[in-house]
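Colleague: I have a few questions before I go back to the bench. Could you walk me through this one?

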Protein chains: 2
Amino acid sequence: METPRQRQHRQTMADILRIAHGQLVTEGSAGLSLRAIARELGLVSSAIYRYVPSRDELLTLLIEESYTAFGDAVEAAEARCRREDLGRRWLTVGRAVRRWAVANPAEWALLYGSPVPGYHAPPERTTAAGSRVPFLVLQLLADADLQPASDDPPMTAALHRELDKLRPGLPGDLKPEVLARGLLAFSSLCGLVSLELFGQFTNTVTQFPAHLDHQLTRLGATLGIPEPT
Amino acid sequence: METPRQRQHRQTMADILRIAHGQLVTEGSAGLSLRAIARELGLVSSAIYRYVPSRDELLTLLIEESYTAFGDAVEAAEARCRREDLGRRWLTVGRAVRRWAVANPAEWALLYGSPVPGYHAPPERTTAAGSRVPFLVLQLLADADLQPASDDPPMTAALHRELDKLRPGLPGDLKPEVLARGLLAFSSLCGLVSLELFGQFTNTVTQFPAHLDHQLTRLGATLGIPEPT
DNA sequence: CAACTTCAGAGAGCAGTGCTCTTGCTTTTG
DNA sequence: CAAAAGCAAGAGCACTGCTCTCTGAAGTTG
């Protein structure tokens, strides 16, 4: 049972996150101000520390929230594809990533931009949530019938160890070529989206969503993914 | 002729930039503090505004400086390659980009990470310097004999206009497939480097520089670049 | 050479930030 | 019902960017 007091606490906590999210959207991550949140809540500045121990902690909360929303969005889109249609799955993931990033640029910057200076996210709380989308790509490639590549065995073994740390449930039979290609696929996707959001070519690419499709198809071809049917 | 007064001004200006650069390396872009710079110079806080009108302006100066150093490093490496050896040029550019980024992570974050919140770099002062490396990739692809691709003509035309704005000297006969592939190449490279620097796979990839070579070769194959001889 | 102008630097001050500490006062609990 | 727990307030510290006025020295000019 929830006492009124607990309920009120939970409500205030939710309000804080809501306002913080608004600040993130309008001001960016540097605009996050605990004092401003308190002001907007009608609280005195020190009272906010009853709920959030520090600004960094608030940032971590927002990052967790964003990773979850991002993972949900992309996984939901991918889940609607026929499992056998690898090309469709890849294209869908790419489009979903871009769509979410364009709709939530502040959050995208938080997750995949340069780290907020002076702040380091505690890996144990972010990497698991943050690996959902890259693992989607990895799974997709694992489902493909890839030609074994001449990869560097010690490098691949280390990669495997690293990924296993992130998500212990990793299937042990992930082939070397899947790991290497998955990393390239996800990196390139991030690069394409980040450059569109942060970079100099903004206008052009935004005007033509077909551009991403072209690039995804091209990348897919490299990675051994067939065209969508 | 330079009067002593001008000389002293220039010297102080250089000192400011040197200290600011040090702050960038040790504290990150949020650690940039005009007051701290003044303190280190033995000046009172307000005196710094004789030299730098605002913190944002200081950031812009640092960005210009970084773009120049970055462009110099990569262009110098690429210039040492035989013109005909496209594969070598591509590999060299990729390695040079990564080497510079690993050696100057704070600057890399400044240039290709998420924008410093609340600050927007004046495009007229950064895009020209910032387009040096991507244009190196573009030139490289232009030198290749690419198969014409079935690209979206209006998209390509818009891309061309956009790039022309960045650097008016753009050769008018840049083929559509060159533009699209150049963008993919540069984006992917940025993604690979940024994920290594900011991301979760840091340890692994750093331990095995061969990883980047693999990925560059794979990307090169997609883009119609032969293996280095 | 004396008068005038320019300007680097000093100092005070404003508005804002994160964060800590103590002090009331209300709610929950034994 | 008394005691413990906990929310909110208020003052305060150290820091930030930035603006203003003023002084005194350096450079310029008649």
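Modeller: We can go through the salt bridges, the cysteines and the DNA contacts in turn, bearing in mind that this is a predicted model.

Colleague: How many salt bridges are there over all chains?

Modeller: A search of the whole structure gives 22 salt bridges, counted over all chains.

Colleague: And which residue meets A:D72 in a salt bridge?

Modeller: The partner is A:R132, with N and O 2.8 Å apart. A:D72 belongs to helix α3 (residues 55-79) and A:R132 to helix α7 (residues 132-143), both of chain A, so this pair ties together parts that are 60 residues apart in sequence.

Colleague: Are those two side chains buried or exposed?

Modeller: A:D72 is partly exposed, because its relative accessibility comes to 41%, whereas A:R132 is buried, with a relative accessible area of 17%, and the cut-off for buried is under 20%.

Colleague: What does A:E78 pair with?

Modeller: A:E78 forms a salt bridge with A:R83, and their closest N and O atoms are 3.3 Å apart. A:E78 is buried at a relative accessible area of 4%, while A:R83 is partly exposed at 39%.

Colleague: What about B:R83 and B:E78 over in chain B?

Modeller: Their side chains also meet in a salt bridge, at 3.3 Å from N to O; B:R83 is partly exposed, with a relative accessible area of 39%, and B:E78 is buried, with 5%. Going back to chain A, salt bridges with shared partners join A:E78, A:R83, A:R89 and A:D143 into one network.

Colleague: Changing topic, how many disulfides does the structure hold?

Modeller: The count is zero over all chains. As for individual cysteines, A:C190 is buried, with a relative accessible area of 5%, and B:C81 is buried as well, with 10%.

Colleague: Now the DNA: which residues are closest to strand C?

Modeller: DNA strand C is surrounded by 21 residues, and the closest are A:R35, A:R39, B:S46, B:R50 and B:Y51. Of the strand's atoms that come within 4 Å of the protein, 51% belong to sugar and phosphate.

Colleague: Which part supplies the largest share of that surface, and what is the mix by class?

Modeller: The largest share, three residues, comes from α2(A), and by class the surface has eight nonpolar, six polar and seven charged residues.

Colleague: Where does B:Y51 come in?

Modeller: An N or O atom in the side chain of B:Y51 is 2.2 Å from a phosphate oxygen of DNA strand C. With B:V44, a backbone N or O atom lies 2.7 Å from a phosphate oxygen of that strand, whereas the side chain of B:R5 has an N or O atom 3.1 Å from a sugar or linking oxygen.

Notes
Residues numbered from 1 in each chain as written. Chains lettered and ligands numbered in written order. Predicted model: local features only at pLDDT ≥ 70, side-chain atom pairs only at ≥ 80, totals over all residues. Heavy atoms only, no water. Salt bridge = Lys/Arg side-chain N within 4 Å of Asp/Glu carboxyl O. Helix = DSSP H or I, 4+ residues; strand = E, 2+ residues; numbered from the N terminus. Buried < 20%, exposed > 50% of the residue type's maximum accessible area, 1.4 Å probe, protein only. Disulfide = S-S within 2.5 Å. Near = heavy atom within 4 Å. Polar contact = N/O pair within 3.5 Å; in protein donor to acceptor, adjacent residues only side chain to side chain. Nonpolar A, V, L, I, M, F, W, Y, C, P; charged D, E, K, R; others polar.
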